[in-house]
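New to this one? Have a look at the structure first, then read the briefing below, topic by topic.

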Amino acid sequence: MMKYRIMWLLWLIFMAGATVVTGSWLMAAVFLFSALLLILSAAVTSLGGRKTVIKLSVPRAAERKENFRGRLTLQNQTVWPVFGGKGQILWENLFTGEHGEIPLSFSLGCKETRTIEFEACSSWCGCVKVQFSSWKCNDFFHVFSVRRQAVAEGCTVIMPEKQNSDFSFLTREGFDMESFRYSGNRPGDDPGETYDIREYQPGDSIRQIHWKLSGKLDDIMIREKSFPVDDTVLILAEAFQAEREPRRAETVAEVLSAIIRDFMEKKIPCQVGIYDRNAGKFRQEKVRTEEDHEHILYSFLRYGSDGKTPVTVQEYLRNPGTQNYVNYIYITGDPEDKEAELLKQKGEVTVIGCGVSGGDSKGEQITWKYGSQNPEDSQKQNTENSCQISCWKLH
């Protein structure tokens with residue numbers, strides 16, 4: 001742009017000087033014609049592109065490390081043409097921080113509609129936000145330019161690789177069928193089941209006295225009622241990382257997927273909690289079928305990726321609903337994440353830290369192979385694609 005401006009400036013100076021020196025009407029006419037051309041070009045540029053409708057469309061989902069195609073449609077609604085439009089499509093994986101840009105050049109005739117196809121590719125799973133936010137309308141001579149604003153964006157979810165892993169260490173303690181109805185570590189108000197028997201304490205209701213046992217022991221014994229649970233487990237996953245690390249983020253998504261699938265195969269009732277940042281709501285959904293599994297994984301990546309702070313646990317505690325759980329599984333990829341501590345008041349909590357050191361030396365340590373493990377892929381890729389995860393219980 002600057003080069004063309006300098007050339008035109010030198011041309012006008014030359015023609016003005018030639019007109020003065022020679023006194024020729026021809027030189028004066030050429031000078032005036034050149035000046036008029038620039039003025040007309042500036043006027044057309046100022047009017048061009050002012051009423052341009054822009055739409056951007058991308059696929060709902062795509063595969064990891066494979067190109068996905070998008071479309072940018074521009075409709076000029078005026079009679080003023082756009083000679084040299086320039087802009088760029090920006091894309092960012094909100095889950096991992098990966099980003100890129102695609103430069104575009106185009107022209108639009110009067111009342112013309114043009115569709116530009118483009119391709120993008122992400123090496124990691126997550127939600128890829130694609131945006132076309134501003135562009136420049138240049139004149140025919142590339143001397144003048146006017147910035148035009150546009151609001152056109154779309155999102156494509158890159159689903160993680162399907163990994164099968166045995167999480168029997170999670171189900172080793174107390175996930176039997178009898179524990180689906182009542183919590184084993186929390187009293188409640190359900191008289192249908194006894195949580196514990198203990199000695200009388202001041203303030204206890206007379207209705208809680210276990211008369212038969214009190215007569216046998218010659219002491220006043222109290223029967224505590226049980227806390228009913230609707231599902232054994234609530235699985236919570238946090239997408240936020242203070243410093244986004246793609247391999248940890250990838251592992252969080254794959255571990256969430258693998259745990260859900262493992263629980264489904266073992267027929268352990270569970271729900272998954274997702275904070276929908278788009279709607280500003282916390283959602284709890286039952287996972288019973290493969291369709292449920294795909295839906296909740298898509299929602300986690302699509303609506304939970306663009307986080308500035310960890311909010312999943314806090315949003316759940318703010319509005320926990322009427323469902324009761326005996327166990328919580330919290331998955332995180334942020335080494336500084338302490339949100340799981342807030343869950344201890346609700347039930348037993350198991351933390352799965354992806355790329356995070358465990359808080360309990362007795363916890364499980366796993367080397368997780370993330371990404372494609374296809375034997376046809378390079379040996380180097382299969383060797384490097386690993387992340388350490390730690391699993392421990394909060395006490």
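What pLDDT does the chain average, and what share of the residues score at least 70? This is a predicted model, and the chain averages a pLDDT of 82, with 81% of the residues scoring at least 70. Here's the rest, in small pieces.

**Where confidence drops**
- Residues 173–183 are one stretch to take with a pinch of salt, as the pLDDT there is below 50. In the model this stretch still has 31 contacts beyond near neighbours in sequence.
- Residues 189–195 also come out with a pLDDT below 50. Beyond near neighbours in sequence, that stretch has 23 contacts in the model.

**The overall picture**
- The chain's secondary structure comes to seven helices and 17 strands.
- There are 395 residues in the chain, and buried ones make up 46% of them.
- Take the contacts between residues at least 6 apart in sequence: 72% of those join residues at least 24 apart.

**A closer look at Thr73**
- Thr73 sits in strand β3, which covers residues 68–76.
- Is Thr73 buried or exposed? Thr73 is partly exposed, because its relative accessible area of 25% falls between the 20% and 50% cut-offs.
- Leaving out residues up to four places away in sequence, Thr73 touches Val53, Ile54 and Lys55, plus Thr113, Arg114 and Thr115.
- Ile116 is 43 residues from Thr73 along the chain, yet their C-alpha atoms are separated by 6.3 Å.

**Cysteines**
- How many disulfides does the count come to? The count is zero.
- Cys155 is in no disulfide: the nearest cysteine sulfur belongs to Cys127 and is 4.0 Å away. A disulfide needs the two sulfur atoms within 2.5 Å, so this pair doesn't make the cut.
- Cys391 is in no disulfide either, with the nearest cysteine sulfur, that of Cys354, 8.0 Å away.
- Cys391 has a relative accessible area of 5%, which means it counts as buried.

**The cavity**
- The structure holds one cavity of 30 Å³ or more.
- The largest cavity has a volume of about 40 Å³.
- Which residues line the largest cavity? The lining is made up of Ala237, Ala239, Tyr275, Arg277, Phe300, Gly304, Val311 and Thr312.
- Sorted by class, that lining has five nonpolar residues, two polar ones and one charged one.

How values were computed:
Residues are numbered from 1 along each chain as its sequence is written. This is a predicted model: local features need pLDDT of at least 70, side-chain atom pairs count only at pLDDT 80 or more; totals for chains, interfaces and linings use all residues. Side-chain values use heavy atoms; hydrogens and water are left out. Buried means under 20% relative accessible area, exposed over 50%, partly exposed in between (1.4 Å probe, protein chains only). On a 1 Å grid over the protein atoms alone, a cavity is a set of points where a 1.4 Å probe fits but cannot get out, and a pocket is an open set with protein on both sides within 12 Å along at least five of seven lines; lining residues have an atom within 4 Å of a point. Grid points are joined across faces, edges and corners, and a volume is the space filled by probe spheres set on the points. Ala, Val, Leu, Ile, Met, Phe, Trp, Tyr, Cys and Pro count as nonpolar, Asp, Glu, Lys and Arg as charged, and the others, Gly among them, as polar. pLDDT is the predictor's confidence in each residue, from 0 to 100. Contact means heavy atoms within 4.5 Å. Helices (H or I, at least four residues) and strands (E, at least two) are DSSP runs, numbered from the N terminus.
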